[in-house]
Amino acid sequence: MLVSEETLNEIKAEILAKTPPSADITEIEFEGPEVAVYSRNPQILVDNGDLVKNLAKDLRKRIVIRSDPSIRKSEKEAKRIVEELVPAEAEVTSIQFDPNIGEILIEAVKPGLVIGKNGATLRTLTSETFWRPNVSRTPPLESRIIKTVREILFKNSEERKKILRKIGRRIHRRQLFPTEWVRITALGGYREVGRSSTLLRTPESSILIDCGVNVGKNTQKDMFPRLDALEFSIENLDAVIITHAHLDHCGFLPYLYKYGYEGPVYTTKATSNMMTLLQIDYLDVAKKEGKLLPYSSKDVRNLVLHTIPLNYGEVTDISPDVRLTLHNAGHILGSAIVHLHIGNGLYNIAVAQDFKFRQTNLLDPAVSKFPRLEALLMESTYGNPQDVMPSNVDAENQLREIINNTLNRGGKVLIPVLAVGRAQELQIVIENLISKNLIPPVPVYLDGMISEATAVTTCHPEYLSRKLRDKIFHAGQNPFLAECFHKVEGKEERDKIILGDPCIIMATSGMLTGGPSVEYFEKLSGDAKNSIVFVSYQGEGSLGRKIQKNVNEITVIKEGHAKIVRIEMEVHTVIGFSGHSDRKELLAYARKVSPRPEKLFLIHGEKSKCISLASTLHKMLKTETKAPDVLETIRLC
Ligand SMILES: [Zn+2]
């Protein structure tokens, strides 16, 4: 700790030397990766943009200017000023104060009008209230989870401040060991899909990328990342980075807090909200099914307090010799490709866990340009030569035909989906088919966590594809708010739907490993009029994978009891909607990624797929390729 105290003192001295005394700086502290400067005359610093910019450049740190508490207007007065300055058309829905860091949280239907032209209104707000405005969008659909996350952060603001301070001191500690090598250890999700986790180490730092569960497995040895590997130690862990909110990438994360981890988690804001939702749901489902519960909701809360959200493209110091940047991965809302710049120019690595290298209805394709790149880790979920997906149009036509045939014969269409990602992509597709009269206007029921995930999606439109954003903001058409969608509230309503008229049902979980999709399947499978449509990857050993094999009957384990279910319904698989790259897109990505890396690692796929892709890419690009196994450690440089 002494070492970081020394660093902080140096930073303080430099800031004080380079700012005018009239700024009246009262405190300088680390706030996670940023340096917070408290001032009794913050306007001098804020108005002089170059001063702060140059300071940040000299110190190579991000700087945030905050007002000293003594000069802030009272909350009542500040609220009045906000109400006066912000035009009524902005439709402000809530104003909250966080005195610990001097922020006003303003939620508005049209946040752009709170910000004003080139931030003019915000600047006036700051100079008149001496509070720092933090503006967010009122979700058009109410999201329970975003409310919960905000409440956790708000109620524990003082604790959060302490946590960020501690994290900051650790990030900015003086480097003790020169960065002479970089190693990665495969802890999970290598030659398999599920429990993704990679440990990256330098002599100075230890970083974990993803910490997932394999929901299809039942024993501790196969379900969770191999944190028992000798290379891993929770005490030495500097940071955890989460690529996206799917449970196979973040489902085990709260466990780290249960076992004493006190460091930060870096991810995008959308992932942070989505993963909290999925972790809480995971606990609920596992509890109901009598499965192993590796952590509790207390650990999830602790995780929220330690999460540092980053925007795409924002370069952040996460340890003395590692800088992180997140880039769009095109897989699900907020999903990221992780780029790490190690040892001040020594080595650069990108981790492309689940990514989509194709334009989808929901998202733009994955980023493939990096400032520097020596090693690339990329997924291989669809890495076999036969894993070629039809075009978006073909997939939509195939789905349209299945829906029309099923509805015309008086049946129901069941689509098991992951709550986050495919569900929203399909909502757009189905809404489009209905609005163009290409399928009958039947109700589309959303069961499980889907409507909540959709609400989170509508709250973070900045992550959506350009085209969809234009549609929502400029044409005023938000497909997620269409009339056809109905949220299913509980078992009673579910039973009514099962007995009711033809309809489309989207339900979680996507692989029928639990949740309402299993219940619908059980009750709808005996009727040949109905159809089940798989639109996402079905994990080995999952109920979904077994049903896909077109068997006549199947054993469903429910609440510890085995039940035999006859399958009369039609079973379809439409693969074009996947959020993963198919074989062609994977090859294209490896070919187009720039600069071209020296080493390629194929991860996140069944063994044969990782190996097949490694071999093809080696022949194609003449680069070193490898498909590491779980528990392997590889020296990168
Ligand atoms: Zn995923």
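## A guided tour, strand by strand

Start by selecting L414, which stands opposite I532 in strand 22. What you have open is a predicted model, and this pair is a handy place to enter it.

**Stop 1: the sheet around L414**

Now widen the selection to strand 18 (residues 413-416) and strand 22 (residues 531-534). These two strands run parallel and are joined by two bridges. Bring in their neighbours too, and you will see an open sheet of six strands, ordered 20-19-21-18-22-25, with parallel pairing. Which strands stand at the edges? They are strand 20 (485-487) and strand 25 (570-573); each has a single partner strand, so one side of each is left without a neighbour in the sheet. Look along the sheet and you can follow its turn: on average, neighbouring strands are rotated by 20° against each other, direction ignored.

**Stop 2: the domains**

Next, colour the protein by domain. The division gives domain 1 (2-70), domain 2 (72-138), domain 3 (157-171 + 181-385 + 580-635) and domain 4 (392-577). Try placing a marker at the centre of domain 1 and another at the centre of domain 4: taken over C-alpha atoms, these centres are separated by 52 Å.

**Stop 3: the nonpolar cores**

Select I505 and M506 next. In the largest nonpolar core, which has 142 residues, these two touch the most other members. Helix 12 (residues 269-288) supplies the largest share of this core, with seven residues. Where does the core lie with respect to domain 3 and domain 4? Both domains give residues to the core, so it lies between them.

Stay with M506 and show what surrounds it. Leaving out residues up to four places away in sequence, M506 touches I415, V417, A423, L426, V444, Y445, L446 and I450. Then jump to a second, separate core: it has 14 residues, including V82, V114, I115 and L125.

**Stop 4: a pair of helices**

Go back to helix 12 and add helix 13 (residues 297-305). The two pack at an angle of about 170°, with their axes 10 Å apart. That angle makes helix 12 roughly antiparallel to helix 13, because angles over 145 degrees count that way. To see the contact, show side chains for T276, Q279, I280 and L283 of helix 12, together with S297, V300 and V304 of helix 13.

**Stop 5: the second sheet**

Move on to D317, which stands opposite R323 in strand 14. Select strand 13 (residues 316-319) along with strand 14 (residues 322-328): they run antiparallel and three bridges join them. How many residues lie between these strands in their hairpin? Strand 13 and strand 14 have two residues between them.

Then add strand 15 (residues 336-342). Seven bridges link strand 14 to strand 15, and this pair runs antiparallel. For one of the partnerships, pick V322 and find its bridge partner I342 in strand 15.

Now show the whole sheet. It is open, with seven strands in the order 13-14-15-16-17-26-27 and mixed pairing. Strand 13 and strand 27 (624-626) are the edge strands, each pairing on one side only. Here, too, neighbouring strands are turned by 20° against each other on average, direction ignored.

For the last selection, choose helix 22 (residues 607-621). Helix 22 packs on this sheet, touching strand 26 (599-603) and strand 27. The direction of helix 22 makes about 160° with that of strand 26.

Conventions: Residues numbered from 1 in each chain as written. Predicted model: local features only at pLDDT ≥ 70, side-chain atom pairs only at ≥ 80, totals over all residues. Core = buried A, V, L, I, M, F, W, Y, C linked by C-beta atoms within 7 Å. Buried ≥ 20, exposed ≤ 12 C-beta atoms within 10 Å, placed from the backbone. Helix = DSSP H or I, 4+ residues; strand = E, 2+ residues; numbered from the N terminus. Domains from an automatic or database assignment. Contact = placed C-beta atoms within 7 Å. Pairing = 2+ DSSP bridges. Axes fitted to C-alpha atoms, helices over the stretch in contact; angles between N-to-C directions. Parallel < 35°, antiparallel > 145°, perpendicular 65-115°, else oblique.
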